[in-house]
Protein chains: 2
Amino acid sequence: MLFYDCSTAPSPRRARMFIAEKGLDPETRDISIAEGQQLQPEFLAINPRATLPVLVTEDGTTLTENLGIAAYLEARHPEPPLMGRTADEKGLVLMWTAIAEQQGGLPIAEALRNSSPRMKSRAIPGPQNYEQIPELAERGKARVATFFDILEERLRDSPFLAANHFTLADITAFVLVDFARVIRMNIPDGHSACRTWFDNIAARPSAAR
Amino acid sequence: MLFYDCSTAPSPRRARMFIAEKGLDPETRDISIAEGQQLQPEFLAINPRATLPVLVTEDGTTLTENLGIAAYLEARHPEPPLMGRTADEKGLVLMWTAIAEQQGGLPIAEALRNSSPRMKSRAIPGPQNYEQIPELAERGKARVATFFDILEERLRDSPFLAANHFTLADITAFVLVDFARVIRMNIPDGHSACRTWFDNIAARPSAAR
């Protein structure tokens with residue numbers, strides 16, 4: 001396997017955590033988004049959509065997108081199960097992963113990419129440039145507040161997002177909550193279930209990778 | 001099982017097609033988004049995020065999000081396989097599903113929801129209102145053009161998006177391409193591989209459900 005990572009970005013961190021939880025240690029190449037390496041011809045030949053992470057499988061298939069990489073690794077390396085043990089759990093894992101991406105990941109990205117001077121013309125990841133839309137930055141922050149509420153409500157009923165054990169859904173939401181610091185947002189005071197959940201995951205060795 | 005559907009919206013259509021391809025026929029309730037039934041207390045008690053589709057499983061778990069519903073059904077009713085047979089295929093199915101959602105579904109929704117007078121204050125699905133951002137409608141249309149290019153490039157090499165057989169990724173992209181008519185966009189002339197793929201899927205009985 002060959003893993004294309006970027007140590008500073010949240011999406012590849014999700015794959016990195018998943019790989020670490022599986023106990024795997026693939027050959028890794030770091031692509032510097034800060035230096036724009038993902039937009040260079042060498043990397044575009046690997047992923048023309050210019051996103052990270054990318055995993056080249058043991059059979060040579062190039063997988064982009066966190067969900068694709070996770071599904072492959074879960075099938076090829078089933079232990080420990082990170083995408084559900086029963087049919088209901090498998091449903092809940094992808095459900096909560098999708099909720100975290102849509103309600104958390106998207107608005108955080110919108111808030112950052114439409115406000116940061118360093119991301120001028122980079123409102124959307126990928127090979128094409130799109131101008132910033134300042135209203136989108138404001139809207140993003142409002143939506144992230146709702147995301148914290150969604151997490152808190154769920155985590156008052158369950159120690160982990162999708163099941164009674166740690167899964168891909170927790171990795172996804174944890175990395176996104178942690179990344180919200182870039183838009184100066186954090187778990188609100190009083191969201192104690194969310195805070196406990198976050199601190200527990202932050203203590204896992206995979207979170208430091 | 002109990003399936004909450006909406007006959008006019010693209011997201012529940014994706015689940016409806018998946019269910020039909022599995023040969024299942026669950027009890028179904030149609031929720032009228034046109035009448036705002038998804039925002040009524042009765043439905044919010046089922047899905048507080050006010051989105052469709054929803055599937056209540058045989059064990060009574062409430063699943064929202066297309067990916068969650070598909071993962072459950074694939075595990076509970078494995079035949080025919082719609083999410084990949086090998087580890088590499090499982091990766092490719094979720095990879096292409098994610099690409100279709102991000103590069104197709106999101107921009108189509110942005111173009112529609114930020115321009116249609118009927119969707120004033122409904123720029124984002126869910127219980128909260130967000131005002132339209134006209135720039136986002138323009139940007140959405142530009143991105144949908146790129147989506148058609150991504151599909152064409154892939155389908156020149158492969159009869160289906162993720163594998164050499166029909167999968168969830170094809171359902172996802174097919175429904176989204178078909179729905180692009182609401183923003184008056186269609187497969188461009190000359191995208192012949194995409195057109196052939198689309199017409200083949202449109203002929204499947206599940207596409208008429």
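**Close-up views of a two-chain model**

**View 1. Chain A and chain B are related by a rotation.** Turning by 180°, with 0.0 Å of shift along the axis, superposes chain A on chain B with an RMSD of 0.0 Å. That is the relation of a two-fold axis. Keep in mind as you look around that this is a predicted model.

**View 2. Here chain A meets chain B.** On chain A, 29 residues are in contact with 29 residues of chain B. Which elements of chain A each supply at least two residues to the side that touches chain B? They are strand S4 (62-64), helix H3 (66-76), helix H4 (87-113) and helix H5 (134-155). H4(A) gives the most, with 9 residues. Sorted by class, this side of chain A has 15 nonpolar, 7 polar and 7 charged residues.

**View 3. The copies meet through the same surface.** Of the interface residues of chain A, 100% are also interface residues in chain B, so the two copies use the same surface to meet.

**View 4. Inside chain A, helix H5 crosses helix H7.** Two packed helices are described by the angle between their axes and the distance between the axes. For H5(A) and helix H7 (residues 192-202) of chain A, the axes come within 7 Å and cross at roughly 85°. This angle makes H5(A) roughly perpendicular to H7(A).

**View 5. These residues join H5(A) to H7(A).** From H5(A), look for A:Phe148, A:Leu151, A:Glu152 and A:Leu155. They meet A:Ala193, A:Cys194 and A:Trp197 in H7(A). How many nonpolar, polar and charged residues does the contact of H5(A) with H7(A) have? There are 6 nonpolar, no polar and 1 charged residues.

Methods: Residues numbered from 1 in each chain as written. Chains lettered and ligands numbered in written order. Predicted model: local features only at pLDDT ≥ 70, side-chain atom pairs only at ≥ 80, totals over all residues. Contact = placed C-beta atoms within 7 Å. Helix = DSSP H or I, 4+ residues; strand = E, 2+ residues; numbered from the N terminus. Nonpolar A, V, L, I, M, F, W, Y, C, P; charged D, E, K, R; others polar. Axes fitted to C-alpha atoms, helices over the stretch in contact; angles between N-to-C directions. Parallel < 35°, antiparallel > 145°, perpendicular 65-115°, else oblique. Least-squares fit on C-alpha atoms with pLDDT ≥ 70 in both.
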